Amino acid sequence: MKSNLIYTILLSSFINLGHSQIDLSKVDSIHKNIYNFKIVDSSKLALAYYSLGEEYRHNFQTDSGYYYYNKAEKITRKLNKKLLLAKTLYGISAIQSDEKDYTGAEVTSFEAIELLKNFEDLPEADKYKSYVYNNLGIGFGELQQFDESIKYHKKSLELRKKLKNKNNIYNSLNNIGTVYTDFNYYDLALSCFNQILDDKNLINERTSFYALVLDNYANALYKSGNHKELPELYLRALKVIDSFQTNHYNSIIINQHLAEYYDNYKQKDSALYYAYKAKAISEQYYNDDLLKSLKILSKIEEGETSAKFLNDYIKLSDSLLKVERATRDKYARIRYETNQIEQENIQIARERMWLLIISIVVIIASLLLYVVINQRNKNKELKFIQQQQKANEEIYNLMLSQNEGIEEARAIEKKRVSQELHDGVLGRLFGTRLSLDSLNMNNSEEAIKTRSQYIAELKTIEEDIRKVSHELNTDFVSGSGFIDIIKTLVETQTKVYGLEYNLDYHDVINWEAISNKTKIHIYRIIQENLHNIYKHANATRVNIDFKLNNDKICLTLSDDGSGFNVDKVKSGIGLKNMNARINEINGKINITSTIDVGTTVIIKVPITQNQMYDPKN
């Protein structure tokens, strides 16, 4: 993702928007973050560096341009990207030519040409061949090698005609015309300039270039001795260039030509006017144009003023020579430092790789150690849980056996009472009734009535006693043992804690069919809740309710205590134990609480059909 982002930023900025629209401070900032983005694709990285070099070169920041071209060159050589390498070498040769390293530019240009020969009939390759040939033509011209200069300018022109790029064709014709002028081939020079100026749309399409060509045409006429159209052509060129832009750099050479023209005709005031004007503009750039302006002024001025300008000319010439030499040395140093930086980067990469490997080993070892220790702790915890479960089972079985002993004693006592009632009291009552029946011989109306009342009363007593005897001899509801244990727990705990309680439950739950594990956890949960209510809630009453809802035991415990904020309270060991117990029996717990109202805990535990009594039976 990051690689694609930086690649998109660079290409959209450098290629699509054009050189003049880029903020170089942003470009440099982007470069500083290239390593943070860690572009893995070397091809994209090389293209990014090439684009940076292009941007800086077109904005006349040759040092930065050369630096990034050099970085792109290193990567493209490794990748054997011949076309991109050739384009990069052209950029380097153009900078070398601008800095007057014509020999270095020549070597670099010929290497680019050899690479471009691998791409016959490829328009982009032909375009860059024309650029390289043009650069060679300029370089040989500066080295005063006329034949070589014209040869390569014409090669460039042929390719540009093939590509049908009008602007580039005009550029080549202008360059050829300039070389012809410098070597006194004025007719050929004028022919080249006329081919360009015949285009009537040029003044509107390329105004600055039109002024430059018009000045070159006028200068060729001047040198050839044909001054009929002068100085009007110079003045027209100057007017065009001044009306076109506020940056008057391109007007320097026109002002110089006018100064030379007026000096030739002994019009000193006009000559000085244009010479000083050329000097004032060229001082902003401190280059060869300023050097030429000083030379012209030293010729036009007289006495000490002329000597001063001549002295300034000599000093500047020496200074520029030193700068050129320093620049060539600097570019050599850039190449050396770039190689050194690459070696350092390789070393850093190796160190980072080893650091990464060591870090990974340490992390893996730490992780394994953690896993081993954690597993041991889990085994200990599991062993403790198993022991706890076993202890809970034993406790419950002990409680259950104790409860069964109590129930057995109760049953025996009930049976004894039942037998006593049946065999003793009922027998005597039955005998009394027979006696009354046998004595019912007195036929007086009053005696009969009285005896009948006694007999009816005896029958009623007999039925009541039989009913009591039958109920006493009936088995208790199956499964009531667990509820009795819960009752005992609640009665005991609430008495100790000073709480009132209410216990409700449904008889449809078949507790005997429910596992001891589930009953133990429910028992412990109730015990823990009662303890928490006593310890934290400041309650006076607790309600405990067992219900069966959608095949789930629903246990609800509510109190009228102080309540708490459920979201903010930290889980203590009691709540953690409750949650652990609920998870053990696949249940769910929900706690709601309101400040100064109370807390309600609802626990739902799933059961099966055979763990419920059928209400029809």
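Select helix H1 (residues 2-16) and then helix H11 (residues 186-197): among the elements of the protein chain, H1 has the lowest mean pLDDT, 45, and H11 the highest, 92. The term pLDDT denotes the predictor's confidence in each residue, from 0 to 100. Helices (H or I, at least four residues) and strands (E, at least two) are DSSP runs, numbered from the N terminus. This is a predicted model, in which local features need pLDDT of at least 70 and side-chain atom pairs count only at pLDDT 80 or more, whereas totals for chains, interfaces and linings use all residues. Residues are numbered from 1 along each chain as its sequence is written, and side-chain values use heavy atoms, with hydrogens and water left out.

**Confidence along the chain**

Colour the protein chain by pLDDT; the average is 78, and 73% of the residues score at least 70. Next select residues 1-9, where pLDDT stays under 50 and the model has 12 contacts beyond four places in sequence. Contact here means heavy atoms within 4.5 Å. Residues 35-39 also have a pLDDT below 50, with 11 contacts in the model beyond near neighbours in sequence. Where pLDDT is low, the predicted coordinates should not be read in detail.

**The whole chain**

Display the protein chain as a cartoon to see 22 helices and five strands. Of its 617 residues, 40% are buried, a term that means under 20% relative accessible area (exposed is over 50%, partly exposed in between; 1.4 Å probe, protein chains only). Among contacts between residues at least 6 apart in sequence, 63% join residues at least 24 apart.

**Helices H4 and H6**

Select H4 (residues 42-58) together with H6 (residues 82-98). Their axes are 11 Å apart, and the helices pack at an angle of about 25°. Axes are lines fitted to C-alpha atoms, for helices over the stretch in contact, and angles run from 0 to 180 degrees between N-to-C directions. H4 and H6 are therefore roughly parallel to each other; angles under 35 degrees count as roughly parallel, over 145 as roughly antiparallel, 65 to 115 as roughly perpendicular and the rest as oblique. Their crossing is left-handed, which is to say that the near helix is turned anticlockwise from the far one by less than a right angle (right-handed if clockwise). Show the side chains at the contact: those of H4 include Ala 46 and Tyr 50, and those of H6 include Leu 84 and Ile 95.

**Helices H10 and H13**

Move to H10 and H13 (residues 207-224), whose axes come within 10 Å and cross at roughly 25°. H10 and H13 are therefore roughly parallel to each other, and H10 passes H13 in a left-handed crossing. Among the residues that make the contact are Tyr 170 and Asn 174 of H10 and Phe 209 and Asn 216 of H13.

Remain on H10 (residues 166-182) and select Asn 175 within that helix. Asn 175 is buried, with a relative accessible area of 18%. Not counting residues up to four places away in sequence, Asn 175 touches Asn 134 and His 153.

**Ile 522 in helix H21**

Finally, select Ile 522, which lies in H21 (residues 516-537). Ile 522 counts as buried, at 4% relative accessibility. Leaving aside neighbours within four places in sequence, its contacts are Phe 482, Trp 511, Phe 546 and Leu 555. Add Ile 486 to the selection: Ile 522 and Ile 486 are 36 residues apart in sequence and 9.4 Å apart in space, C-alpha to C-alpha.
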